[in-house]
Amino acid sequence: MAEGKKTMEMKRVQDSGKIYTIKEAAKLGGLSEDTIRYYEKIGVLPQAERKNNTHRFYRMKDIETMKMLVCLKKTGMSLDEIRPFIGVSFINIPSDYPELVQLMLNHKQQIRQQIADLQQVLDFIDDKLKITSFEQGGCPQ
């Protein structure tokens, strides 16, 4: 596991000099170009660096931040809940941010409860399907 982390860090260092257009960053980061601009405008993502011609450009660290944002958004976190996590570096030690660790643990528990609730719904649907004529091999009339 530590070796995989080291490889990822090495790749990040290798890519640190490469710059990406907003179109490339959107594709790699899992967001649309409009969403990137909006998130920058409202301060969820940091403002992009700009070339002399004022075009935005992004580095691999920016794309990794976008990926993290997409992942947290998929868990149901609101943008306001995500905001504190954005400024934290990927290489920081979690114990340096006990309040963020607690927020993430709380959110993890909420997700586990959602999974349990959804499993109950699936079990209910499965039970209902078992009592239909399709499951019993008969034809509906």
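Begin the tour by selecting Thr 54, which lies in the loop between strand S1 (49-50) and strand S2 (56-57); helices (H or I, at least four residues) and strands (E, at least two) are DSSP runs, numbered from the N terminus. Phi of Thr 54 is near 70°, a positive value in a residue other than glycine.

Before moving on, bear in mind that this is a predicted model, in which local features need pLDDT of at least 70 and side-chain atom pairs count only at pLDDT 80 or more, while totals for chains, interfaces and linings use all residues. Residues are numbered from 1 along each chain as its sequence is written, and side-chain values use heavy atoms, with hydrogens and water left out.

Now show the whole chain as a cartoon. The protein has seven helices and two strands, and from the N terminus on its elements follow the order α-α-α-β-β-α-α-α-α. Of its 141 residues, 24% count as buried, where buried means under 20% relative accessible area, exposed over 50%, and partly exposed in between (1.4 Å probe, protein chains only). With contact taken as heavy atoms within 4.5 Å, 51% of the contacts between residues at least 6 apart in sequence join residues at least 24 apart.

Next, select Glu 40 in helix H3. Is Glu 40 buried or exposed? Glu 40 is buried, with a relative accessible area of 2%, and, not counting residues up to four places away in sequence, Glu 40 touches Leu 45, Pro 46, Gln 47, Ala 48, Arg 56 and Tyr 58.

Turn then to the largest nonpolar core, which has 25 residues; a nonpolar core is a set of buried Ala, Val, Leu, Ile, Met, Phe, Trp, Tyr and Cys residues joined through side-chain atoms within 4.5 Å. Select Leu 31, Ile 36, Tyr 39, Leu 45, Tyr 58, Met 66 and Leu 69, which touch the most other members. The elements that give two or more residues to this core are helix H2 (22-29), helix H3 (33-41), helix H4 (60-74) and helix H5 (79-86), and H4 gives the most, with seven residues. Within the core, centre the view on Leu 69, which touches Tyr 39, Val 44, Leu 45, Ile 82 and Ile 86, again not counting residues up to four places away in sequence.

Keep H4 in view and add H2. These two helices pack at an angle of about 40°, with their axes 8 Å apart; axes are lines fitted to C-alpha atoms, for helices over the stretch in contact, and angles run from 0 to 180 degrees between N-to-C directions. To see the contact itself, select Ala 25, Leu 28 and Gly 29 in H2, which meet Ile 63, Met 66, Lys 67 and Val 70 in H4.

From this contact, pick out Lys 67, which is placed in helix H4 and counts as partly exposed at 45% relative accessibility. Leaving aside its neighbours within four places in sequence, Lys 67 is in contact with Leu 28 and Gly 29. The C-alpha atoms of Lys 67 and Gly 29, which are 38 residues apart along the chain, are separated by 5.0 Å.

Finally, hide H2 and show H5. H4 and H5 pack at an angle of about 145°, with their axes 10 Å apart. Select Thr 65, Met 68, Leu 69, Leu 72 and Lys 73 in H4, which meet Leu 79, Ile 82, Phe 85 and Ile 86 in H5.
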